[in-house]
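Subject: Structure for you to look at

Hi there,

As promised, I am handing over the structure, with my notes underneath. Have a look at it first, then read on when you have a moment.

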Amino acid sequence: MENITVSKPQEKIDPEAYNRAIRELTNLTLRMRRLDKAKDEFISIASHELRNPMAIIKGTIHAILTGDDGEINEEVKEDLTDLMVVVERQIRLVNELLDVSRIEAGVIYFNIVKELDIVSIAKILAETLNASATEEMVKISVEETTDLPKVQGDQDKISQVLINLVTNSRKFTKQGSVSISFAQKDDLVLTYVTDTGSGITKEKKDQLFQKFTKPGDPTVGTMSAGSGLGLYISKKYVEHHGGELWLEKSEEGVGSTFAFSLPVSGSAKANKIMEEIEAMKSIKEKGGHK
Amino acid sequence: MSQVVLVEDDALFVKMYQKKFSKEGISLEVALDGEAGFNKIKEVKPDLAILDLMLPKMSGTEVLRKIRSDESLKEIPVIIMTNLNASSDEVNQAMELGVKETVLKTDVVPEKIVETARKYLK
């Protein structure tokens, strides 16, 4: 163990120096709070300025497509449908960029609940994604399991992580399957997303979780490569839960498996995360942060 | 007659919703800032209020707080239609004050909001 020497407190403290230090600390705290507020406001304004025009374009295209302005011919319909795909892609990009700014500014809110059933979250997700899949997309299957403990987490964020992993897999899997399976390791529940797709090249493996890194070019028809932010966001979200997200294995031409861990409800790890969240909340409230 | 009030500061956004609501035969009154929005809601006492959160003069959350603390208005159902993420403080504050739904503007089209609004119309 490191030897720590504690110096004897000075008997006389220079009151002037003491007051000066207090003043400096107070000023610094105030500046930090102002900065925090400015970051928050910047993201709010950016959200508004970026999303409002997209909402108007989307709404107007939808109205024309559904005949609100009268009948339109097939060619116009086709053009507008293409435009809608582009708009939706742009909306996703804006969503991801805003998620990244919120993560980096530390102003993201996690609605963590103590007991979540990860298997049913995965099942609902697979059902929804399978229902809206086009012919070129492979089906998503979920492993049947009954003895998995509940996890602690934010349902929306965990769903977002799973959607990211599954849609990524689907982009690179022409034939075969994308499957979700589970395991328990000590205080953690592990979720695996496995595909039989094109795999990830050696060069890409090292940069996978960096911003704007795409795992490769999609191999399935018209699917967009995306922004390269999904894995970065997913990793950060899982880490906020006290878990980890990693590439379990990947082989070119054979497929990939991504995995993430979440703390089991009521475990020491889960309780520690809950305590940290409560502490952060109370700091924020005491700081008078809006 | 059933009435809906929309408080939203983007005139083009408002125009798009006015067009759809009028096509569907629902009366939509609009206000372009929070203060005017609260006055409009007080005057009309609508079946439903749709509020943006980031508004000039008075925020949507403040409008909602005033609605909830006014005896004659507090039962009015409110939908929040915003550009802010569900995980933002503003949206969470609004939800604590009591709203029927919170939607992200880019997730919906006017047709969907008309459908939602019909649930609350008398």
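**Where the two chains meet**

In the contact between the chains, 22 residues come from chain A and 20 residues from chain B. On the side of chain A that touches chain B, helix 1 (15-65) and helix 2 (74-105) of chain A each supply at least two residues. Helix 1 of chain A gives the most to that side, with 13 residues. Sorted by class, the side of chain A that touches chain B holds eight nonpolar, eight polar and six charged residues.

Please keep in mind that this is a predicted model.

**How far to trust chain A**

The mean pLDDT of chain A is 83, and 89% of its residues reach 70 or more. Within chain A, confidence is highest in strand 5 (residues 188-195), at 94. Confidence is lowest in helix 7 (residues 268-286) of chain A, at a mean of 77. As a reminder, where pLDDT is low, the predicted coordinates should not be read in detail.

**Chain A**

Chain A has seven helices and seven strands. Read from the N terminus, its elements run α-α-β-α-β-β-α-β-β-α-α-β-β-α. Of the 290 residues of chain A, 27% count as buried. Among the contacts in chain A with a separation of 6 or more, 69% are between residues 24 or more positions apart.

Two spots in chain A are worth a visit in your viewer. The first is A:D186, which sits in the loop between strand 4 (178-185) and strand 5 of chain A. Its phi is near 50°, a positive value in a residue other than glycine. Is A:D186 buried or exposed? A:D186 is exposed, because there are 9 other C-beta atoms within 10 Å, and a residue counts as exposed at 12 or fewer.

The other spot is A:V85, a residue of helix 2 of chain A. With 11 C-beta neighbours inside 10 Å, A:V85 counts as exposed too. A:V85 is 68 residues away from A:G153 in sequence, and the two are 32 Å apart in space, C-alpha to C-alpha.

**Chain B as a whole**

Chain B has five helices and five strands, and from the N terminus on they run β-α-β-α-β-α-β-α-β-α. The radius of gyration of chain B is 13 Å, close to the 14 Å that the globule rule gives for 122 residues, so chain B is as compact as a globular protein of that length. Along its principal axes, the C-alpha trace of chain B spans about 35 × 30 × 25 Å.

Of the 122 residues of chain B, 39% count as buried. As for its contacts with a separation of 6 or more, 60% are accounted for by residues 24 or more positions apart.

**The strands of chain B**

A good place to start is strand 1 (residues 3-7) of chain B, which is mostly covered: four of its five residues are buried. Strand 1 of chain B runs parallel to strand 2 (residues 27-31) of chain B, and five bridges join them. One of the residues to look for here is B:Q3, whose bridge partner in strand 2 of chain B is B:S27. Between these strands the chain passes through helix 1 (residues 11-23) of chain B, in a right-handed β-α-β crossover.

Which strand does strand 1 of chain B also pair with, over four bridges? That is strand 3 of chain B, again in the parallel sense. Here B:L6 has B:I50 in strand 3 of chain B as its bridge partner.

Further along, strand 4 (residues 78-82) and strand 5 (residues 101-104) of chain B run parallel and are joined by four bridges. B:M81 has B:V103 in strand 5 of chain B as its bridge partner. With helix 4 (residues 89-97) of chain B, strands 4 and 5 of chain B make a right-handed β-α-β unit.

**One more loop**

Finally, have a look at B:K45, in the loop between helix 2 (34-44) and strand 3 (48-51) of chain B. Phi of B:K45 is near 45°, a positive value in a residue other than glycine. B:K45 counts as partly exposed, because it has 13 C-beta neighbours inside 10 Å.

Happy browsing, and best wishes!

Methods: Residues are numbered from 1 along each chain as its sequence is written. Chains are lettered from A and ligands numbered from 1 in the order in which they are written. This is a predicted model: local features need pLDDT of at least 70, side-chain atom pairs count only at pLDDT 80 or more; totals for chains, interfaces and linings use all residues. The radius of gyration is taken over C-alpha atoms; the globule rule is 2.2 Å times the number of residues to the power 0.38. A residue is buried if 20 or more other C-beta atoms lie within 10 Å of its own, exposed if 12 or fewer, and partly exposed in between; C-beta atoms are placed from the backbone. Two residues are in contact if their C-beta atoms, placed from the backbone, lie within 7 Å. Two strands pair if DSSP finds at least two bridges between them. A crossover is right-handed if, with the strands pointing away from the viewer, the path from the first strand over the helix to the second runs clockwise. Ala, Val, Leu, Ile, Met, Phe, Trp, Tyr, Cys and Pro count as nonpolar, Asp, Glu, Lys and Arg as charged, and the others, Gly among them, as polar. pLDDT is the predictor's confidence in each residue, from 0 to 100.
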